[in-house]
Amino acid sequence: MRTLITLLAVFAVLSFTTGTALADHHGEELVGWLADEACANKGKAASEGHAGCAKSCVNNGQPIVFVNDADKKVYKVDNQDAVKDHVGHKVTIAGKVDGDSIRVDSVKM
């Protein structure tokens, strides 16, 4: 019985720390495309050919999002001003991922 309690305690601690690590990434770097939300959600945003459309859509009020190259996941950008000059570009961004959004600390072409 004591072994079972010890194992349960270990699993509880591991579950808590793993969950926290997944929910709160600081300084993570991701490579992908900055695009408009409408096209990104339709899977049309991750290419150089979409740059003009993305800029036009953002100028017409669409929010800027980040499309991760690795898994094509679309992230909302919390601080739009940090990325506005790179809409339509493939970039490396560093920032804090929290669920389906990212707070961008830096952008590199």
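## A tour from Lys108 inward

Select Lys108 to begin: its relative accessible area is 43%, so it counts as partly exposed. You are looking at a predicted model.

Stay on Lys108 and add Glu29. Their side chains meet in a salt bridge, with N to O at 3.5 Å. Glu29 belongs to strand β1 and Lys108 to strand β5, so this pair ties together parts 79 residues apart in sequence.

**Whole chain**

Now zoom out. The chain has three helices and five strands. Starting at the N terminus, the order is α-β-α-α-β-β-β-β. Of its 109 residues, 32% count as buried. The accessible surface is about 6,700 Å², and carbon and sulfur atoms hold 56% of that. Look at contacts between residues at least 6 apart in sequence: 59% of them join residues at least 24 apart.

**Next to Glu29: Glu28**

Select Glu28, which is also a residue of strand β1. Is it buried or exposed? Glu28 counts as partly exposed, because its relative accessibility is 25%. Show what surrounds it. Beyond the neighbours within four places in sequence, Glu28 contacts Ile93, Ala94, Gly95 and Val97. Then pick Ile102. Its C-alpha atom is 9.7 Å from that of Glu28, though 74 residues separate the two along the chain.

**The β4–β5 hairpin**

Colour β4 and β5. These strands run antiparallel, and seven bridges join them. One place to check is Ile93, whose bridge partner in β5 is Val107. Follow the hairpin to its turn, where two residues lie between the strands. Gly99 sits in this turn and has a positive phi of about 70°.

**From the turn to β3**

Select Asp100 and Lys76. They form a salt bridge, and the closest N and O atoms are 3.9 Å apart. Lys76 lies in strand β3, while Asp100 is in the loop between β4 and β5, so the pair ties together parts 24 residues apart in sequence. Both ends can be checked on a surface view. Lys76 is partly exposed, with a relative accessible area of 43%. Asp100 is partly exposed too, at 40% relative accessibility.

Which residues are joined into one network by salt bridges that share partners? Select Asp69, Lys72 and Lys90 to see them. Within this group, the side chains of Lys72 and Asp69 meet at 3.7 Å, N to O. Asp69 counts as partly exposed, with 24% relative accessibility. The structure holds four salt bridges.

**The core**

Hide the surface and go inside. The largest nonpolar core has 15 residues. Select Leu30, Leu34, Phe66, Val77, Ile93 and Ile102, the members with the most contacts inside it. Which elements give two or more residues to this core? They are β1 (25–36), α3 (51–59), β2 (64–68), β3 (74–77), β4 (90–98) and β5 (101–108). β4 gives the most, with three residues.

Centre the view on Phe66. Setting aside residues up to four places away in sequence, Phe66 touches a long list of residues, among them Leu30, Trp33, Leu34, Val77 and Ile93. The list also includes Val31, Gly32, Lys73, Val74, Tyr75 and Val91.

For the last stop, select Ala35, Ala40, Ala45 and Val67. They are among the six residues of another core, which lies apart from the largest one.

Definitions and conventions. Residues are numbered from 1 along each chain as its sequence is written. This is a predicted model: local features need pLDDT of at least 70, side-chain atom pairs count only at pLDDT 80 or more; totals for chains, interfaces and linings use all residues. Side-chain values use heavy atoms; hydrogens and water are left out. A nonpolar core is a set of buried Ala, Val, Leu, Ile, Met, Phe, Trp, Tyr and Cys residues joined through side-chain atoms within 4.5 Å. Buried means under 20% relative accessible area, exposed over 50%, partly exposed in between (1.4 Å probe, protein chains only). Helices (H or I, at least four residues) and strands (E, at least two) are DSSP runs, numbered from the N terminus. Contact means heavy atoms within 4.5 Å. Accessible areas come from the Shrake-Rupley method with a 1.4 Å probe; for residues, only the protein chains shown count as cover. Two strands pair if DSSP finds at least two bridges between them.
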